[in-house]
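Welcome! Please take a moment with the sequence and the 3D view below before reading on.

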Amino acid sequence: MTDGRRIIAAQIISRRRARVLARDFRGWLRASEASFIVLAIGIGAAAGLLSVVLGALARTLQHLLFALPPNTRLSGVAELGLASLIVLPLGGVIFTAFGYATRARKRRLIDAVEANALHGGRMSLLDSLVISGQTVLSNGFGASVGLEAAYAQMGGAVASVLGGWLKLRRADQRTLVGAGAGAAIAAAFGAPLAGAFYAFEIVIGTYTPSAIAPVAAAALAGALVAQTFGQQPYLIDVASNASVETHHYLIYAGLGAICALMGIALMRAVALVESASRRTGMPEWLRPALGGLLLIPIAMVSPQVLSAGHDALHADLALGASLGFILLVLLAKSAASIVSLGFGFRGGLFFASLFLGTLIGHLFADTLTLLVGHPVIDTHNAALIGMAAFAVAVVGGPMTMAMLVLQATHDFPLTGAVIAASLVSSTIVRELFGYSFSTWRLHLRGETIKSARDVGWVKTLTAGRMMRKETRPTPASMSIAEFRRTFPLGSTSRVVLSDAKDAYAGIVVVPAAYAEGLDPNAAVTTLATGREIVLTPEMDIAAVMARFDEARTDELAVLSAECHVLGILSETYVRRRYAEELEKAQRELFGER
């Protein structure tokens, strides 16, 4: 053997060994719970670092574009001149150019919630970079959107890509995506508990015993990495000397109800403005620029409405403000958020809902004082409870917001009131509306999901995948006598018929052709049933079962768009497959492998 051949042979052997080692490594990670926790910690650290980078990029943009003083955020400046506010429509133009450059408008971009609900936690890293870039540009140019969507997107995307490379199970993949997104939120707010509950309530969609350790470890890692790199938590310690008494729970429950109704109004307003801006017929590229132009008069009322509103929230909580000013900022911030999202800027309402909630709570407490003549509840407590209740109405996650307040204030009695108000808010939103902001936007796009709970397996179990293929339908013109000769009793249970144009003509139960009193010369099509109710290949298993309930028959035909018979599906098989998938999902829920 020549030296060249020896080198080639050695390279082939080396590559094979590398593949074997990679396969063994993947198998070890999938089989070991401890290794999965270590993997989640690494994901959490990466998510925390990415949050620091994305936040720094947005703040740098704001300081450069608006000439902000050092250590000041955009929403914390006292006043901005008209010349500075020209940045807003300019940002719309650059946002649009970025979208065209990345071809973001030509494909549907999937966030972590949709990925976990419908796609088993599979996300595109490239699409996530586009989403994060659009969010940073929107926030950096002053649009009234938060960066939390970008943080969670990148944390989930890194987890998804790594999980895909490791070929993780579907449940483990979803858990890892939730851990990455939760760690990013933990890093942003300096609140590991809030980040962990965000992962469970918002991204995974349920509390799973098997996910507690990896999600919590990832959230802790994300927060520690962010603090190591100097990330300042969004919330400050605003403690109140006023205690929360038992009768205050009823008052705060009323505040929760008000937050729920206002949250529903905000979400519907965003959808209405977005729909109206599209119906005007203006070019798609012009919408963000026009939105930025509309933001200028709103920002002239108060710069607090720009960006997410971090410094504004801090100032309003720590220093307080007059009732008239709070009402003005509430209306202006709501309008700014509606315009920003309705006209195409990308971002979330997470921090905006926190900010708006503090204003609502502040107004609620001051209004009660005016009506009664003396303070009824503490203004700071009401602001924090309103913050949590309104965020629950818009974002979801009662325990996420409760933990956020607990880690911000270290006040357990206040956290109890937060939980009460948040549960009231959550219940009313579920009853009257049924969606959070992220799932509402998915609903407008045609999806039916209401949370990140895994329903992707329902979508993948379609009639086309489950059917028994029918390659030779029987002619409907066949006589009953000929049918009996072709299909003796016991040969098969049912026969699919087709007409002269090869179109579906019904199903015949074979024993029915042997009933007494039938005319042997009559066409067998007279015995056919199931003509009216049929299936299409793309129907998912839930729709198939609903169709069986409607038909009240044992088998249904699956037809193409041209009404040609593709196959046949039995109700017994469909319900057995559904039970098997439910059992599998139940095992995954409790971490059984």
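The report that follows visits a cavity, some salt bridges, a surface patch and a few single residues.

This is a predicted model, in which local features need pLDDT of at least 70 and side-chain atom pairs count only at pLDDT 80 or more, while totals for chains, interfaces and linings use all residues. Residues are numbered from 1 along each chain as its sequence is written, and side-chain values use heavy atoms, with hydrogens and water left out.

## The cavity

Rolling a probe the size of a water molecule over the atoms shows where empty space is left. Here a cavity is a set of points, on a 1 Å grid over the protein atoms alone, where a 1.4 Å probe fits but cannot get out, and its lining residues have an atom within 4 Å of a point. Grid points are joined across faces, edges and corners, and the volume is the space filled by probe spheres set on the points.

Searching the whole structure turns up one cavity of 30 Å³ or more. The volume of the largest cavity is about 80 Å³. It is lined by 15 residues, and those closest to its centre are Gln62, Arg73, Asn139, Ser307 and His310. Helix H2 gives the largest share of this lining, with four residues; helices (H or I, at least four residues) and strands (E, at least two) are DSSP runs, numbered from the N terminus. Sorted by class, the lining has six nonpolar, seven polar and two charged residues. For this count, Ala, Val, Leu, Ile, Met, Phe, Trp, Tyr, Cys and Pro are nonpolar, Asp, Glu, Lys and Arg are charged, and the others, Gly among them, are polar.

Arg73 deserves a second look. It is found in the loop between H2 and helix H3 (82-85). Is Arg73 buried or exposed? Arg73 counts as buried because its relative accessibility is 18%, where buried means under 20% relative accessible area, exposed over 50%, and partly exposed in between (1.4 Å probe, protein chains only). Its C-alpha atom is 8.8 Å from that of Ala312, although the two residues are 239 apart along the chain.

## Salt bridges

A salt bridge is a side-chain nitrogen of Lys or Arg within 4 Å of a carboxyl oxygen of Asp or Glu. The structure holds 11 of these salt bridges, and the table shows some of them.

| Pair | N to O distance |
|---|---|
| Arg278 and Glu274 | 3.3 Å |
| Glu555 and Arg494 | 3.3 Å |
| Glu550 and Arg547 | 3.9 Å |

Arg278 and Glu274 both sit in helix H11 (residues 248-279), four residues apart, about one turn of the helix. Arg278 is partly exposed at 44% relative accessible area, whereas Glu274 is buried at 15%. A network of salt bridges links Glu274, Arg278, Glu284 and Arg287.

Which parts of the chain does the salt bridge between Glu555 and Arg494 link? This pair joins distant parts: Glu555 is in strand E5 (residues 555-559) and Arg494 in strand E3 (residues 494-498), 61 residues apart. With 9% relative accessibility, Glu555 counts as buried, and Arg494, with 21%, counts as partly exposed.

Glu550 and Arg547 are about one helical turn from each other because they are three residues apart in helix H23 (residues 541-551). Glu550 is exposed at 52% relative accessible area, while Arg547 is partly exposed at 24%.

## A nonpolar surface patch

Leu49, Val53, Leu57 and Phe229 make up a nonpolar patch on the surface, together offering about 360 Å² of accessible area. Such a patch is made of residues with over 30% relative accessible area and no salt bridge, with nonpolar side chains (Val, Leu, Ile, Met, Phe, Trp, Tyr) joined within 5 Å. Leu49 belongs to helix H2 (residues 33-66) and counts as partly exposed at 37% relative accessibility.

## Single residues worth a look

Asp502 has a phi near 65 degrees, a positive value in a residue other than glycine. Asp502 lies in the loop between E3 and strand E4 (504-509), and is partly exposed at 40% relative accessibility.

Arg552, also a residue other than glycine, has a positive phi near 55 degrees. Arg552 is in the loop between H23 and E5, and is exposed with a relative accessible area of 79%.

Finally, Pro413 is in helix H18 (residues 412-432) and is partly exposed at 46% relative accessible area. The C-alpha atoms of Pro413 and Glu245 are separated by 8.5 Å, with their positions 168 residues apart along the chain.

Terms used:
Patch = residues over 30% accessible without salt bridge, like charges linked within 9 Å, V, L, I, M, F, W, Y side chains within 5 Å. Areas by Shrake-Rupley, 256 points an atom, 1.4 Å probe, with all protein chains shown as cover. 1 Å grid on protein atoms, 1.4 Å probe; cavity = no way out; pocket = protein on both sides within 12 Å on 5 of 7 lines; lining within 4 Å.
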